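Student: I've got a new structure to look at. Can you walk me through some parts of it?

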Amino acid sequence: MDHNPTAVDAIVNGHTALGIEFGSTRIKAVLIGPDHQPLATGGHEWRAKFVDDVWTYDLADVWSGLQAAYADLAADVERRHGVRLETVGAMGISALMHGYLAFDADGDLLVPFRTYQNTMTGEAAAELTQLFQHNIPQRWSIAHLYQAILGGEAHVADVDYLATLAAYVHWRLTGERKLGIGDASGMFPIDVATGDYDTGMVAQFDDLVADRGFGWKLLDILPEVVGAGTAAGSLTDEGAKLLDPSGTLKPGIPVAPAEGDAGTGMVATNSVARRTANVSAGTSVFAMVVLEGPLKGLHEEIDLVTTPAGDLVAMAHCINGTMDLSAWVGLFGEVGTALGAEFDTTKLFETLYRSALEAAPTAAACSPTTTSQASTSPASRPGGRCSCGRRPATSRSPTSCGRTCSRRSRRCVSAWMCCCAMRASSWTRCSPTAASSRRRGSRRASSPPPWTPRCRSARSRAREGLGAWRCSRPSSTRETRR
C-alpha cells in the first residue's frame, strides 16, 4: 500500500482525471494525478460476437464491462492509497470508432450494434464516395445508415439518434448528445474550417434520400460536434449509478467530449500537431499522418479523419491487426497458468513486448535478397545507405554482388548495377539497357531496378521515366535458394 500524501490528497480532493476506453478486446480505466502520472488502473476483458452475420456487442455487456473496469480501478485506489474513490476532477470516454448504433425517440436500440468490423456496406460506401468526392469507408456510420436505406430496412424511419459507441456511453452518462470531433469524423466528413460536419455533403445526402419520406434530416440524428477542451456535459445522478452501482461515486463531475480510439493513439504518442504521425497496432492496425491542408483530390485508399483538436488526418486502415497476436499471447498465458504462474493479461503483454525489445536485430542486406518488400527499403532509394556486405545467414547470393557492394562507395544504388533479386527461389541478374545507360548521369537514372516482376517490364519502367532494365538469369545453371 502506497500512502504517498500527495497522491492521497489529489484523490480525496478530486485533483485527478479518469479516462475509460472501450477497446475491441478490453475495457481500460486509468486514474491520473496532477502530474499526469497514473495513480490506479482497472480493466475488463470483452469481445465482439458474430451473430446473424453481424459483428456486435450486447449493450448489456457495455454496462457490465464498464462497471467491472471501474470497480477494478476503485479497488486499486483503495489497495494502493488507502482511500475510497468518491470523485474525480474530470473524466472522459473513448471507444472503438465508427459503426452503427441507431436509437428511436424512446432511447431504445432499433437493431443490434453493427461494429466497424462489418464489411456489409460496399454498395453504399462506393455510391457516397462518388457523390461526395470524398472517401467513405465501409465502416463509417454514414455508410451503415445509407446501406440500411438501400436495403429497405424498416427501422430507418424511426431513427432518432445515430451514435458511435463512445457517443452512446457519453449520452447515457451525461444526457448530452455530443461527440468529440475526432470520433465524429468517423461518422460523417468534417469541414476542418468550421469544425463541424461538412454542410455541403450534408445537403447532398439529404437530397439523395429526400424521396424516401423520412421524418428526419441528417443533422437531426447526428451528435453535436465539439472540439477538445470544450465542455461536453457532467456526470448525472443516473450516470453515476450506471458507472458505480455501489453509489460511492458522486455526480457532477465534468465530462470531456467523447473520442475515438484513433484520437487516443494520437494523444498517447504526442502526434496531434501537423506533420506528425503514428501507427496504432491493435485489433485493427492503422497509420495516421496529421496534414497541413486538404488533399487535392479523391484518394479511395486514404481515410480522412481529424485530431481531437480538429486538424485533418490521413489514415491508412486495415481491419485485421493483432487478433493473431492476441491468440498466441493467450496460448502463452494458458501455458503459464498450467505451470502455476499467476499474472494478469496486462502483465503478460508487457512482459512479452519488453522481451521483444531485447531481441538481437536481424542483419539486413543492401539488395532484395530476402523478401519482396526490399524494394521499399533505403537500399532502393537513390542516395540511400545501408550495410551492404551484411546478409542473413539463411540467404546467399552470388559473391560478385557482395564484392561490388564492398568495393564501391557503399551507396547501395551503385551496388544495384550487379546486385541480384530473388524470385521463385532463383536469382535474376539485372543490368541497365541502353535506354537507361544514356541517362546514367542523372539521379533518376541511377535508381535501382524494382522488384523482379516490374524489372522485367521495360515498357512500364520507361513510362515512369526511370529507364528500362534488362533482366536475365545468371549464366550458371545452379540456382541459389533460401
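Tutor: One term before we start: a helix here is a DSSP run of H or I with at least four residues, and helices are numbered from the N terminus. Also, this is a predicted model.

Student: Okay. What comes just after α11?

Tutor: G340 does, and its phi is positive, about 95°.

Student: And α11 itself, how far apart are its end C-alpha atoms?

Tutor: They are 23 Å apart. The helix covers residues 323–338, so 16 residues at 1.5 Å each should span 22 Å, and the two values agree.

Student: Which residues of α11 are buried?

Tutor: S326, V329, G333 and G336. Seen down the axis, the buried residues of α11 fall within an arc of 75°, so they line one face of the helix.

Student: What's on the face turned away from them?

Tutor: Exposed residues: D324, A327, W328, E334 and A338.

Student: And what covers the buried residues?

Tutor: The cover includes α12, residues 345–357.

Student: Switching to strands. How do β1 and β2 run?

Tutor: Antiparallel, with six bridges joining them. β1 is residues 17–22, and β2 is residues 26–32. A hairpin of three residues connects the two. For one bridge, take I20, whose partner in β2 is A29.

Student: How many bridges join β2 to β3?

Tutor: Seven, and this pair is antiparallel as well. β3 spans residues 38–45. Opposite I32 you find P38 in β3.

Student: What's in the turn of that hairpin?

Tutor: Five residues lie between β2 and β3. H36 is in the turn, with a positive phi of about 70°.

Student: Which side chains of β2 are buried?

Tutor: I27, A29 and L31 are, and they point to one face. R26, K28, V30 and I32 point to the other face and are not buried. In a regular strand, side chains alternate between the two faces of the sheet.

Student: Now the core. Which residues touch the most other members?

Tutor: In the largest nonpolar core, with 94 residues, they are F22, M91, L145, L165, Y168, V169 and F205. Helix α2, residues 59–81, gives the largest share of this core: nine residues.

Student: Tell me about F205. What does it touch?

Tutor: Beyond residues up to four places away in sequence, F205 touches L128, F132, I142, L145, Y146, I149, W216 and L218.

Student: Which other residues of α7 are buried?

Tutor: M201, V202 and D206 are buried in α7 along with F205. Their arc around the axis is only 140°, which puts them on the same side of α7.

Student: What do they pack against?

Tutor: α3, α4, β11 and α8.

Student: What happens at the start of α7?

Tutor: A side-chain oxygen of D198 comes to within 3.0 Å of the backbone nitrogen of G200.

Student: You mentioned α4. Where is S141?

Tutor: In α4, which is residues 141–150.

Student: Is S141 buried or exposed?

Tutor: Buried, because its relative accessibility is 1% and the cut-off for buried is under 20%.

Student: What lies 2.7 Å from a polar atom of its side chain?

Tutor: The backbone oxygen of G99.

Student: What else is S141 in contact with?

Tutor: Apart from neighbours within four places in sequence, its contacts include H98, Y100, L162, T164, G186 and M187, and G99 is among them too.

Terms used: Residues are numbered from 1 along each chain as its sequence is written. This is a predicted model: local features need pLDDT of at least 70, side-chain atom pairs count only at pLDDT 80 or more; totals for chains, interfaces and linings use all residues. Side-chain values use heavy atoms; hydrogens and water are left out. Buried means under 20% relative accessible area, exposed over 50%, partly exposed in between (1.4 Å probe, protein chains only). A polar contact is a pair of N or O atoms within 3.5 Å; within protein, one must be able to donate a hydrogen and the other to accept it, and residues adjacent in sequence count only if both atoms are side-chain atoms. Contact means heavy atoms within 4.5 Å. Two strands pair if DSSP finds at least two bridges between them. The expected span of a helix is 1.5 Å times one less than its number of residues. The arc is that of the directions from the helix axis to the C-beta atoms. A nonpolar core is a set of buried Ala, Val, Leu, Ile, Met, Phe, Trp, Tyr and Cys residues joined through side-chain atoms within 4.5 Å.
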